[in-house]
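This report walks through selected packing features of one protein model, moving from helix contacts to aromatic rings and then to individual residues. Please keep the sequence and the structure in view while reading.

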Amino acid sequence: MQSNIHSVDFAPSAAAAKPALTFLSAKPQRPHPLRRRAILAAHPDAERLIGHDPLTAVITLAVVLGQTAIAGFLGHLGAGYWWAALILAYCVGAFANHAMFVVIHDATHNCVFAGNTANKWVAILADLPNAVPTAMGFRCYHMKHHSHLGDYDYDADLPSRWEARFFGNSAFGKAAWFFFFPALQLFRLNRLRGTVPMWGRWTFINGACIIAYDVAILALFGPNALFYLFMSFWFSVGGLHPLAARWVQEHFTFDPEQETNDYYGPLNLIALNIGYHNEHHDFPDIPWRRLPDLKKIAPEYYDGLRTHPSWFGLFAQFIVDPRYTLFTRVDRSSLRAQATQAAGPKP
């Protein structure tokens with residue numbers, strides 16, 4: 001697979017002149033396993049990038065300590081400085097917590113250490129500044145996002161149909177969706193099939209660690225410190241923050257032939273390369289620091305794909321462009337069901 005097309009801004013085609021009222025259909029076969037096999041056949045040296053990156057744990061500890069220190073400072077100022085906590089959460093804490101979410105993501109793929117247990121503890125450590133437990137819940141459903149990308153019955157990253165209808169294509173509705181995004185993901189879980197049960201031992205360990213951390217923050221620094229951490233979490237994944245455009249960048253598309261899109265801009269430096277999303281889906285077992293190396297090894301597989309040049313620009317475009325809706329996603333569940341039905345019952 002070779003292409004001479006340079007990466008360009010993602011623009012809707014003329015066929016997308018009207019907002020979609022249903023999800024886009026695509027082939028049942030996901031593109032990423034096919035590209036992975038092609039890359040490994042053409043570039044066997046790409047396999048050496050697969051593995052673990054313990055430095056991620058060191059970065060995690062540094063960021064958690066930094067967020068705790070900022071929270072302590074704001075707590076020392078007192079509750080009257082809630083506005084300072086809000087500003088710092090938006091301008092600083094959101095980026096720190098977002099990086100920790102990427103650590104949770106890498107740890108879910110066991111890309112930090114070799115063992116499951118060590119990766120779970122790294123994820124819980126990264127989860128502390130969020131003020132609410134998210135790491136083990138994410139671990140339970142994220143792997144289905146990879147194995148069943150764009151499948152409504154299995155992929156929690158795909159908005160629910162009621163969600164897409166409720167928020168619609170108005171600027172107000174999509175801004176509201178951005179704001180409430182951290183909570184909306186919870187309402188998607190009850191529709192999913194075949195997920196790992198969330199209420200296991202590690203879920204309770206995760207919850208206990210977050211509660212203990214929150215209680216310590218309150219006892220040592222006061223409510224403004226905890227307010228800062230919670231708002232850092234809220235802005236890191238939603239809350240009308242430009243970082244939330246990442247969720248649009250990854251899999252929103254007007255073209256079902258390319259349902260995953262990259263962002264190669266400078267924010268990857270503090271977002272731990274989460275913008276390299278085609279590379280990640282092709283090789284989820286490559287740690288975040290090595291994803292740019294994959295693109296360098298196999299440029300012919302990535303340089304021709306459409307990309308988003310700016311999260312800030314995409315954030316604004318998604319809100320104001322009426323052609324964008326929550327239905328601007330691929331759903332291959334109907335074609336999967338048709339293929340299963342055509343194959344007939346197993347003998």
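## Helix packing, aromatic rings and buried residues

The axes of α4 and helix α5, the latter spanning residues 135–147, cross at roughly 125° and come within 9 Å of each other. This geometry belongs to a predicted model, as does everything described below. The two helices α4 and α5 are therefore oblique to each other, because an angle that is neither under 35 degrees, nor over 145, nor from 65 to 115 counts as oblique. On the α4 side the contact is made by Asn116, Asn119, Lys120, Ala123, Ile124 and Asp127, and on the α5 side by Ala135, Met136 and Arg139. Sorted by class, the residues of this contact of α4 with α5 comprise 4 nonpolar, 2 polar and 3 charged.

A second helix pair is formed by α8 (residues 201–221) and α9 (residues 223–237), whose axes lie 7 Å apart and whose packing angle is about 140°. Helices α8 and α9 are therefore also oblique to each other. Here α8 contributes Tyr213, Asp214, Ile217, Leu218 and Phe221, while α9 contributes Pro223, Ala225, Leu226 and Leu229. The contact of α8 with α9 has 8 nonpolar residues and 1 charged residue, with no polar ones.

Turning to the aromatic residues, a search of the whole structure finds 27 aromatic pairs. Two of them are set out in the table.

| Ring pair | Distance of centres | Angle of planes | Arrangement |
|---|---|---|---|
| Trp177 and Phe181 | 5.2 Å | 75° | edge-to-face |
| Phe233 and Trp234 | 6.4 Å | 75° | edge-to-face |

Both pairs are classed as edge-to-face because their planes are over 60 degrees apart. Trp177 and Phe181 both sit in helix α7 (residues 171–184), with a spacing of 4 residues that corresponds to about one turn of the helix, and both are buried. Phe233 and Trp234 are likewise each buried. Beyond single pairs, ring pairs link Phe101, Phe138, Tyr141, Trp177, Phe178, Phe181, Trp247, Phe252, Phe254, Phe315, Phe318 and Tyr324 into a cluster.

Helix α7 also holds Gly173, which is buried, with a relative accessible area of 8%. Computed along the sequence, Gly173 and Leu77 are 96 residues apart, and their C-alpha atoms are 36 Å apart in space.

Two residues in loops complete the picture. Is Glu259 buried or exposed? Glu259 is found in the loop between α10 (245–251) and α11 (277–282), and this residue counts as buried because its relative accessible area is 5%, where the limit for buried is under 20%. The side chain of Glu259 makes a polar contact with the side chain of Arg332 at 2.7 Å. When residues up to four places away in sequence are not counted, Glu259 touches Pro31, Leu149, Gly150, Glu250, His251, Thr253, Val330 and Arg332, so that Arg332 appears both as polar partner and among the touching residues.

His109, in turn, lies in the loop between α3 (82–108) and α4 (116–127), and is buried with a relative accessible area of 10%. Again leaving out residues up to four places away in sequence, His109 touches His142, Met143, His146, His280 and Pro284.

Notes: Residues are numbered from 1 along each chain as its sequence is written. This is a predicted model: local features need pLDDT of at least 70, side-chain atom pairs count only at pLDDT 80 or more; totals for chains, interfaces and linings use all residues. Side-chain values use heavy atoms; hydrogens and water are left out. Axes are lines fitted to C-alpha atoms, for helices over the stretch in contact, and angles run from 0 to 180 degrees between N-to-C directions. Contact means heavy atoms within 4.5 Å. Ala, Val, Leu, Ile, Met, Phe, Trp, Tyr, Cys and Pro count as nonpolar, Asp, Glu, Lys and Arg as charged, and the others, Gly among them, as polar. Buried means under 20% relative accessible area, exposed over 50%, partly exposed in between (1.4 Å probe, protein chains only). A polar contact is a pair of N or O atoms within 3.5 Å; within protein, one must be able to donate a hydrogen and the other to accept it, and residues adjacent in sequence count only if both atoms are side-chain atoms. Rings of Phe, Tyr and Trp (its six-membered ring) pair if their centres lie within 6.5 Å; planes under 30 degrees apart count as stacked, over 60 as edge-to-face and the rest as tilted.
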